[in-house]
Amino acid sequence: MIRRPLRFIILLTGVALTSGYLWLNQGKAMKAVEDLRLVINGSPSSSWALALDKQVLISRRLPPTGIFDGAGQHQINIEPIPADLYERIRGARERVTQVYDDKAQTSRLLARKNFLVTQIADRRVYLVREDDARTIAAIVWNERRLIRDVIRCQNTSLCPKLRLLFGPGFDALSGPYLKSEINPGRRGMPRGRWLAGPVSELIILAKEERDILLQMKLLQIHPKQILSINGHPLRQATGKQQQSLVLGGKRFYPARYQWPVHLKTGRNIIKLRSSRWLAQKQGRSSGLSSYLLTLAIKARQPPRTATTRN
């Protein structure tokens with residue numbers, strides 16, 4: 001029989017070990033609570049179901065994957081299923097019906113060599129055999145290969161003579177993201193690139209001297225934000241301005257700019273300076289200034305000179 005003092009020591013030791021474990025793992029516990037909060041505050045993932053002869057074969061949520069098609073219009077979901085179910089669906093794919101977010105769909109399953117694919121609303125869903133890792137990897141690789149950046153070259157004769165590089169201040173290509181994205185700072189964000197403030201650099205390599213026109217569409221963080229190019233303030237392009245919108249928990253103000261650029265042969269550096277930015281910490285001299293959606297490059301014809309008749 002254990003004496004009372006010894007039992008008291010054992011009890012204290014147990015409490016100390018438990019407290020130590022909780023203290024060492026408090027970061028994990030806090031992260032779990034935060035993840036739960038994000039899931040609760042975000043929109044639920046869309047539901048998707050397949051049925052054959054009024055029998056439900058597949059019913060599941062389609063979580064955010066962060067992978068979209070080349071145009072950024074459809075999120076990619078890859079759904080591995082048992083081989084026998086895959087073969088059954090493949091053999092009767094013309095009769096399979098689909099429901100997406102409680103709405104019947106007219107889209108059909110298309111059969112390829114090693115997978116089935118369907119495109120519904122904002123999704124492209126692949127069905128593969130659950131043990132076919134090679135096909136899953138090939139699908140992801142091919143979809144990522146087709147991703148388009150925000151650059152648009154408008155003239156076929158111009159494009160081979162230019163190369164545009166994103167220099168210091170431009171973030172990596174990001175998005176688009178669904179409203180069910182677990183990270184609240186990304187929810188609903190379109191495909192684009194963050195620009196850093198106060199200055200971001202755009203680099204254009206030209207094979208020959210020429211004039212071009214740059215057209216830029218972006219989301220600014222403030223309605224009175226001023227953007228300048230190589231020290232020259234820009235004016236927004238004329239036309240009806242879109243109202244502000246909230247994306248990723250931030251309010252943005254859509255803006256459109258266009259400006260002529262004379263390129264010299266070789267390396268041309270364009271410095272985009274912003275009057276405002278979001279500092280991550282108080283007192284920081286830099287931060288996120290705007291979100292670039294598209295950057296179009298067009299050939300610019302020199303102005304015509306008036307001619308006089310003899």
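Where does Pro198 lie? Pro198 sits in the loop between β11 and β12 (199-206), where strands (E, at least two residues) and helices (H or I, at least four) are DSSP runs numbered from the N terminus. The peptide bond leading into Pro198 from Gly197 is cis, with omega near 10°.

Before going on, please keep in mind that this is a predicted model, in which local features need pLDDT of at least 70, side-chain atom pairs count only at pLDDT 80 or more, and totals for chains, interfaces and linings use all residues. Residues are numbered from 1 along each chain as its sequence is written, and side-chain values use heavy atoms, with hydrogens and water left out.

The average pLDDT (the predictor's confidence in each residue, from 0 to 100) is 82 for the chain, and 80% of the residues score at least 70. Residues 27-41 fall below 50.

A cis peptide bond also joins Gly175 and Pro176, with omega about 0°; Pro176 is in the loop between β10 and β11 (193-197).

Two non-glycine residues with positive phi are set out here, with relative accessibility (buried under 20%, exposed over 50%, partly exposed in between; 1.4 Å probe, protein chains only).

| Residue | Phi | Loop | Relative accessibility |
|---|---|---|---|
| Asp53 | near 55° | between β1 (46-52) and β2 (55-62) | 57%, exposed |
| Ala121 | near 50° | between β7 (116-120) and β8 (123-129) | 53%, exposed |

Gln154 belongs to the loop between β9 (151-153) and β10 (162-166), and counts as partly exposed because its relative accessibility is 45%. Leaving aside neighbours within four places in sequence, Gln154 is in contact (heavy atoms within 4.5 Å) with Ala296, Ile297 and Lys298. Gln154 and Ala296 are 142 residues apart in sequence, yet 6.8 Å apart in space, C-alpha to C-alpha.
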